[in-house]
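Me: Here is the structure I would like to discuss. Could you take me through its strands and its interior?

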Amino acid sequence: MIFKSKCVIIAMCITTFSLNSILAQKKTLRTDLVQKDTISENTRLWNTLVFFDYRGINTIDIAVGGSKTTGDLPDSEFALYYKLGYKYFIKDHFNVNMTYHNYYVAFGDVYNERFTSIDFNFEYFVAPYTRFSPFVQAGIGSNFQNKSKNSSFKFQWTLGVEYIVTDGIGIKLFGEHNTNFSDELDGLSEGNTNDLAIRLGCGINFYFGGKKRKAERLSRIKTVIKSNLLE
């Protein structure tokens, strides 16, 4: 009887020890996984902080170049084009912007008129955490002929590249395609298609702002103590 009681006690001790070991291993495994996830998330957040060194959430956009319109008249020419705009980054990769454009529609000695357009675009940066990044944007706008009250709507899309020469300042090259919802940009309406315009230019982006967003991101970076990994 005594022997059986000792066996039961020993079996209970072994079982308790085994259960404690299993629970300890599971806790250690869980802690290791949480720690790895935390380190991975911290690394990701730290890598995104460079956005606020190179760029910012606000941008003043200045550019100059040439514009060429395809219409009903022959001898289309590249003419002076410039723009001034503002961008706001909703996310590191993504911004919304509004730009003022001034350009000429020129066809040899026959037609040379100055136009203004106001454009609204959505823009996507492929690599906002590096100095060099391609970008693409698309949106809608409206043309206004400076000598008259004539106006027309248009759709535009742009491809370009930007390089950060120093923190907060980027230079860019871009090409923009404009599809006008009118056939009278060149003063005539004789074709079967609406007038098109190509803009090629170079410019400068001046970045500023983002301290509050950077501070919020820093506060999300977890430490071992914050994650209670020592418990």
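**Strands, core and cavity**

Reply: A six-residue connection makes a hairpin of β5 (111-125) and β6 (132-145). Helices (H or I, at least four residues) and strands (E, at least two) are DSSP runs, numbered from the N terminus. Two strands are said to pair if DSSP finds at least two bridges between them. The model is predicted, so to speak of local features a pLDDT of at least 70 is needed, side-chain atom pairs count only at pLDDT 80 or more, and totals for chains, interfaces and linings use all residues. Residues are numbered from 1 along each chain as its sequence is written, and side-chain values use heavy atoms, with hydrogens and water left out.

Me: How many bridges join β5 to β6, and which residue stands opposite Tyr 124?

Reply: The two strands run antiparallel and share 11 bridges. Val 136 in β6 is the residue opposite Tyr 124.

Me: What is the overall pattern along the sequence?

Reply: The order is α-α-β-β-β-β-β-β-β-β-β-α, with three helices and nine strands in the protein.

Me: And how do β4 and β5 pair?

Reply: They are antiparallel, with 14 bridges between β4 (94-107) and β5. Asn 97 has Asn 121 as its bridge partner in β5, and Val 96 faces Phe 122 there. Three residues lie between the strands of this hairpin, where Gly 108 has a positive phi near 50°.

Me: Which strands lie on the other side of the pairing, as partners of β4?

Reply: β3 (79-89) is antiparallel to β4 and is joined to it by nine bridges; Tyr 81 stands opposite Tyr 103, and four residues separate the two strands in their hairpin. Strand β2 (residues 76-77) also runs antiparallel to β4, through two bridges, with Glu 77 opposite Ala 106.

Me: Where does β9 fit in, and what does it pair with?

Reply: β9 is antiparallel to β1, with 13 bridges, and antiparallel to β8, with 11 bridges. Thr 179 stands opposite Leu 196 in β9. The covered face of β9 (residues 196-208) holds Ala 197, Arg 199, Gly 201, Gly 203, Asn 205 and Tyr 207, while its uncovered face includes Leu 196, Leu 200 and Cys 202.

Me: Switching to single residues: is Ala 63 buried or exposed?

Reply: Ala 63, in strand β1 (residues 58-70), counts as buried because its relative accessibility is 4%. Buried means under 20% relative accessible area, exposed over 50% and partly exposed in between, with a 1.4 Å probe and protein chains only.

Me: What does Ala 63 touch?

Reply: Not counting residues up to four places away in sequence, Ala 63 is in contact (heavy atoms within 4.5 Å) with Tyr 82, Lys 83, Phe 174, Cys 202 and Gly 203. Gly 203 is also the bridge partner of Ala 63 in β9. Leu 200 is 137 residues from Ala 63 in sequence and 9.7 Å away, C-alpha to C-alpha.

Me: What about Gly 170, is that buried or exposed?

Reply: Gly 170 belongs to strand β8 and is buried, because its relative accessible area is 0%. Leaving aside neighbours within four places in sequence, its contacts include Tyr 163, Val 165, Gly 203 and Tyr 207.

Me: Which residues touch the most other members in the largest nonpolar core?

Reply: Phe 89 and Val 105 do, in a core of 20 residues. The elements giving two or more residues to this core are α2 (51-54), β3, β4 and β5. A nonpolar core is a set of buried Ala, Val, Leu, Ile, Met, Phe, Trp, Tyr and Cys residues joined through side-chain atoms within 4.5 Å.

Me: What share of the residues in the protein is buried?

Reply: Buried residues make up 37% of the 231 residues.

Me: Last topic: how many cavities of 30 Å³ or more are there?

Reply: The count is one, and the largest cavity encloses about 40 Å³. On a 1 Å grid over the protein atoms alone, a cavity is a set of points where a 1.4 Å probe fits but cannot get out, and lining residues have an atom within 4 Å of a point. Grid points are joined across faces, edges and corners, and the volume is the space filled by probe spheres set on the points.

Me: What lines the largest cavity?

Reply: Among the lining residues are Asp 61, Lys 83, Asn 97, Glu 123, Gln 137 and Phe 174. β3, β4, β6 and β8 (169-180) each give two or more residues to the lining. By class, two lining residues are nonpolar, four polar and five charged, where Ala, Val, Leu, Ile, Met, Phe, Trp, Tyr, Cys and Pro count as nonpolar, Asp, Glu, Lys and Arg as charged, and the others, Gly among them, as polar.

Methods
1 Å grid on protein atoms, 1.4 Å probe; cavity = no way out; pocket = protein on both sides within 12 Å on 5 of 7 lines; lining within 4 Å.
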